[in-house]
Amino acid sequence: MPTRRTFLNQAGAATAFAFAAPAVRAQTRTTDLDIAIVGGGVAGLFCAMRLSEAPNTRVGVFEATDRIGGRLLSLHFPDLTSQTAEIGGMRLRHTDKHALKVVDEMIGREKLQDFAYPITGYYLRGQHFSKLSEATSVPYGLSDRERAVIARGDDLLTHVIDDLNKRASEGTLSLKDTGLWELLLQQRSRETYDFVRDVLGYNSPLSNWDSKTAISWFERDFAYKTKYFKLDHGLEQIPKALARAYVSNGGKVHLGHKLVNLRRRPDAGFDLTFQTEAGQTSLSAARVILAIPPIAFPSLINTEVFSGDTRFARAVKSVHKVPLAKVHLAFDQDWWTPRNLSVGRVITDLPARQIYRWGVDDLSGHALLMASYHDGEMIEYWEALSQGSTFGAPDWIDRATGPDGDPIAPSMRQLLPASDRLVKEVWSQVRKSHNLSDDLPNPVAATYQNWGREPWGAAYHLWGIGADPKEIISYMQEPVPGMHICNEAWSVSQGWTNGAMQSADSLLVTKFKIDPFV
């Protein structure tokens, strides 16, 4: 029997055209649907694929921007087709059952590769370390016990989290209504906090979000046994595969449709009004799935459907929006191999934070560097440098492609090119972090993307202090009869592509009585 992947790959030129053709873009005609799905990211497209499998079910997907995929965006620089710049999400875990099933059945397990980018060095407080365990003096005011943990090669953050969790399970420490940052400062020194944050490479996971949920999150998502994967040619293949399946079932993706109003119909169902380039258009749907990010909800709270609903307003505010940004630099030659460097990454307390040497193109010899992977307060630093004249040849972005060789969406072609000022500063920090003072080739192209900008509002989300994830997730599945919400923000796996699919699958099983995907 042919596999689902084989069927989708052989669906024919008509299906491919149906997805790419102008017919799926902004339209002004009114359409009545059984289910209107607002949001063309992973959660929305997953719902669309599954719901459209039922015969005689009219499903429509409406996306505010000019592209699908949400916060998954994979780019190939010119002459770097074998190396993928993951502008958004970049890896999967071995526990991501929903995402891995999509890869297996619709993309190909052979495209899954180990995410093998070991830490090859640290640059902290002006000192370089190849391994922290070999440092004669780590420049932080740590206790003797903490230094002993580092000296034997163990991760201090894991040690701290294990200690907090053990004491909480024993009843000697309360996590109730306490933020993680608050808890760490109560139990350890500020120097310890700064060290574990700097070494982690991220600022936001150690911010003041719900400590009970945070500790479970660290144990699950950053456990030493977790195995990570990348997807050859990019994770953006996942939403594109979901969209192809949905279109092959007869569905349409309507791009350039921003939801601006919701209203209950007198009989049953809802009226939705969208803003398009051609003006406003309305349609009716028996049921609505909002697969949109939290930033989009404040404007909807004042609509007739949610007006005066204080519980819904509190649920919207139950998660923190976490901005995260990346800077990618493309080079026309490999500068790290001659200097005895390989693929890998450097962690620094400079605003660049994490620097990944992705790899070298098999044919051209061009090299790809993620020169900065940062979050938290570092966002403000780089955002201030993001304006002004753009770096590199003005047409390189027009020659860049997505994972299937397709052009980059017009909105992203305008947004992604980095500024001269930003590139100059990040390249300086890369050289300093690598302790390289000799002449190096300059980059030839560069991107900068801050996912904290609109329309995304965040790269991922974290539960607020005192939040009850189980109760809130259940409530958001149907806060209003016939109105459903699913996304990564209100999920059991925040911050991951799989969280969006888990949220969508749980909604479909609970409220639409569809068999579980996995």
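This report describes a sheet, its helices, a set of salt bridges and one buried glutamate in a predicted model.

## The sheet

Seven strands make up an open sheet with mixed pairing, and their order across the sheet is E8-E7-E16-E17-E18-E15-E19. The edges are formed by strand E8 (127-129) and strand E19 (445-450), each of which pairs on one side only, and from one strand to the next the twist averages 15°.

Within this sheet, strand E15 (residues 324-331) and strand E18 (residues 367-375) run antiparallel and are joined by eight bridges. Along this pairing, Ala330 stands opposite Leu368 in E18.

## Helices against the sheet

Helix H16 (residues 420-434) packs on the sheet, where it touches E7, E8, E15, E16, E17, E18 and E19; the direction of H16 makes about 85° with that of E15. Helix H8 (residues 190-200) lies across strand E7 (119-124), strand E16 (344-348) and strand E17 (354-360), and it runs at about 135° to E7.

H8 is also one of the partners of helix H7 (residues 180-187), whose buried residues pack against helix H6 (156-170), H8 and helix H9 (211-221). In H7, Leu180, Leu183 and Leu184 are buried. Seen down the axis of H7, the buried residues fall within an arc of 95°, so they line one face of the helix.

## Salt bridges in and around helix H8

Side chains of opposite charge can pair when their charged atoms come close, and the structure holds 31 salt bridges. One of them joins the side chains of Arg197 and Asp194, with an N to O distance of 3.7 Å. Both residues belong to helix H8 and are three residues apart, about one turn of the helix. An α-helix has 3.6 residues a turn, so residues three or four places apart point the same way.

Arg197 also meets the side chain of Asp198 in a salt bridge, here at 3.5 Å from N to O. Arg197 has a relative accessible area of 13% and therefore counts as buried, the limit being under 20%; Asp198, with a relative accessible area of 7%, is buried as well, and Asp194 is likewise buried. Salt bridges that share partners join Arg125, Arg190, Glu191, Asp194, Arg197, Asp198 and Glu377 into one network.

## A salt bridge between distant parts of the sequence

Arg453 forms a salt bridge with Glu383, and the closest N and O atoms of this pair are 3.1 Å apart. Because Arg453 lies in the loop between E19 and strand E20 (460-463), whereas Glu383 lies in helix H13 (residues 378-383), the pair ties together parts that are 70 residues apart in sequence.

The two partners fall into separate accessibility classes: Arg453 is buried, with a relative accessible area of 17%, while Glu383 is partly exposed, with a relative accessible area of 24%.

## The surroundings of Glu488

Glu488 is found in the loop between strand E21 (483-485) and helix H18 (497-511), and it is buried, with a relative accessible area of 4%. The side chain of Glu488 reaches the backbone nitrogen of Gly495 at a distance of 2.9 Å.

When residues up to four places away in sequence are left out, Glu488 touches Arg71, Tyr460, His461, Gln494, Gly495, Trp496, Gly499 and Ala500. Gly495 thus appears both among these contacts and as the residue whose backbone nitrogen the Glu488 side chain reaches.

Definitions and conventions. Residues are numbered from 1 along each chain as its sequence is written. This is a predicted model: local features need pLDDT of at least 70, side-chain atom pairs count only at pLDDT 80 or more; totals for chains, interfaces and linings use all residues. Side-chain values use heavy atoms; hydrogens and water are left out. Two strands pair if DSSP finds at least two bridges between them. Helices (H or I, at least four residues) and strands (E, at least two) are DSSP runs, numbered from the N terminus. Axes are lines fitted to C-alpha atoms, for helices over the stretch in contact, and angles run from 0 to 180 degrees between N-to-C directions. Contact means heavy atoms within 4.5 Å. A salt bridge is a side-chain nitrogen of Lys or Arg within 4 Å of a carboxyl oxygen of Asp or Glu. Buried means under 20% relative accessible area, exposed over 50%, partly exposed in between (1.4 Å probe, protein chains only). A polar contact is a pair of N or O atoms within 3.5 Å; within protein, one must be able to donate a hydrogen and the other to accept it, and residues adjacent in sequence count only if both atoms are side-chain atoms. The arc is that of the directions from the helix axis to the C-beta atoms.
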